[in-house]
Amino acid sequence: MFDFLEGYDLLAAFWTTVQLALYSAIGSLIWGTILAAMRVSPVPVMRVFGTAYVNLMRNTPLTIVLLFTSLGLNQTLEVDLFGGESDAVNFQLAVLGLTAYTATFVCESLRAGINTVPVGQAEAARALGLSFTQVLFLVVLPQAFRAVIAPLANVLIALTKNTTVAAAISVAEAAALMKEMIEMESHAIFLVFAVFAFGFVALTLPTGLLLGWVAKRAAVKR
Amino acid sequence: MNNLSVLYDTPGPRARRRNVVFTGLFLIVLALVAWWVLQKMADHHQLDAEKWNPFVEDGRVWTEFLLPGLEGTLKAAALSIAIALPLGAALGIGRLSDHAWIRIPVGAVVEFFRAIPVLMLMFFATQAYAEFTDIESDVRPLYAVVTGLVLYNASVIAEIVRAGILSLPRGQTDAAKAIGMRKGQLMTSVLLPQAVTVMLPALVSQLVVIVKDTALGGALLGYEELFFQVRPITANYGANTIATITVVALIYILVNFLLTSFASWLERKMRSRKKGTGAVLSVDQADQLETVGGPSMVTDRQSGHSQGGFSA
């Protein structure tokens, strides 16, 4: 029944998907935190930059962001990041695009998390004479992070699904393989679809359950 | 902590000086990045006037490529929204049904289509239409894009509707039952009207997601929407890739900005009306829908179930 799978490297494709998701997750967590810090900082220029970046990037389709990294950065401006074979470069470009896009959602979740921290916490910290950086990184952000694990889990799940868009810049991940298989094995398209659907359920469901459990344990009880 | 200025004191002379220094440093970094980008662009002749002029001087770029593309984008988005909204509402209410034989299958359908990337649904729909129907191949991309968007977004909207209804105070249901309303009346005259206000922000960010996701059809399925026009434009106007992508991205941003502004205007209007009639809206949870979930994300505390709806 599943003999149509022969000749296709399903695991390699899903492994690429996982790698894309992991690298972009780490990147967007870092960049998103920096953006969130900028958006709440006392320096107006940083606030304006953060707000503008988030609003512009969030309203642009991810497809355009990714194709810009490929057509614009790579092919037109000949930026090839860390270099290597064209497959490796495409992979890096996809991670760059996914990071730039996903960081805005991390930033917004974090900002919402900052809103859940009681005002008294920041006031008490300021009364002790802590500076803005100390208030933010020692008192507010640690609590905010614990409050936003669940929303961040959703961002991670959405990111995992969004990695499929990398197919548009010919990264050999799951969606690209599915497109190929669904065209070649047209007698079994329902089975092909089921296999890939199962793959994504297997990737996203445990992430959601695990991080949901972590979120419950980590939440600050008030 | 809605007023974020609680994070820092009103700046005194030293803090003001420090802020000026930080502003200066940040501007320098920004200027360096901008200079590097512009330098790169100039090196590859992307700043030449002829690459950008067509968008201002040559009306044909607009009448032959961009506007028809925008029309394609809006057509696919409008069709998907028109089908997904009622379908999503029905699924969301179905998931709250008292009958297990409705609740469980609906739940399974919603969870399944939410877990699958919308691009895969589109690929599948394209091939399925080619194999099993006699839809003409020139409209097949539109059908595939709309099918993918509807399946995915209806299930996300279903969750938004469900979370919106669950976020209402229990007393609303109790009171409606106490005055003898039937289930249908309870839903249509008590719960839904209130839930709509609560859901509006999440619902609109989902509409933005739909508009953005149509670009997948242009990049991967050959549906002639706005993004699809990038290649023909660069072919006709001399490899002005960066200029074209910038203009196209700006159009998307503008459309989505209009959508969001309209929604916040509508929301303000609905909220002030609610106050007038004395209806109670649980402000806490309404805010949760807006903020903690972030864009197009609903955190539903009561069921401990949450989901993310942002996509490509």
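Is Leu32(B) buried or exposed? Leu32(B) counts as exposed, at 53% relative accessibility, where exposed means over 50% relative accessible area, buried under 20%, and partly exposed in between (1.4 Å probe, protein chains only).

A quick word on ground rules. This is a predicted model, in which local features need pLDDT of at least 70 and side-chain atom pairs count only at pLDDT 80 or more, while totals for chains, interfaces and linings use all residues. Residues are numbered from 1 along each chain as its sequence is written, chains are lettered from A in the order in which they are written, and side-chain values use heavy atoms, with hydrogens and water left out.

Now chain A. Its secondary structure comes to nine helices and zero strands, taking helices (H or I, at least four residues) and strands (E, at least two) as DSSP runs numbered from the N terminus. The C-alpha trace of chain A spans about 70 × 45 × 25 Å along its principal axes, and 55% of the 222 residues in chain A are buried.

On to the surface. Patches here are built from residues with over 30% relative accessible area and no salt bridge, joining like charges within 9 Å and nonpolar side chains (Val, Leu, Ile, Met, Phe, Trp, Tyr) within 5 Å. A salt bridge is a side-chain nitrogen of Lys or Arg within 4 Å of a carboxyl oxygen of Asp or Glu. Arg146(A), Arg217(A), Lys221(A) and Arg222(A) make up a positive patch. On chain B, Val21(B), Phe22(B), Leu25(B), Ile28(B) and Leu32(B) form a nonpolar one, with about 490 Å² of accessible area together (Shrake-Rupley, 1.4 Å probe).

Here are three residues with their places and accessibilities:

| Residue | Location | Relative accessibility |
|---|---|---|
| Arg217(A) | helix H9 (residues 189-218) of chain A | 61%, exposed |
| Leu32(B) | helix H1 (residues 13-43) of chain B | 53%, exposed |
| Pro169(B) | loop between helix H7 (140-166) and helix H8 (170-178) of chain B | 28%, partly exposed |

Pro169(B) also sits 24 Å from Ile102(B), C-alpha to C-alpha, with their positions 67 residues apart in sequence.

What about the inside? A nonpolar core is a set of buried Ala, Val, Leu, Ile, Met, Phe, Trp, Tyr and Cys residues joined through side-chain atoms within 4.5 Å. The largest one has 138 residues, and Met178(A), Phe196(A), Leu7(B) and Leu66(B) touch the most other members. Helix H9 (residues 183-221) of chain B supplies the largest share of this core, 16 residues. Apart from it lies another core of five residues, including Leu73(A), Leu77(A), Val79(A) and Ile242(B).

Terms used:
Lys, Arg positive; Asp, Glu negative; His and termini not counted. Charge placed at Lys NZ, Arg CZ, Asp CG, Glu CD.
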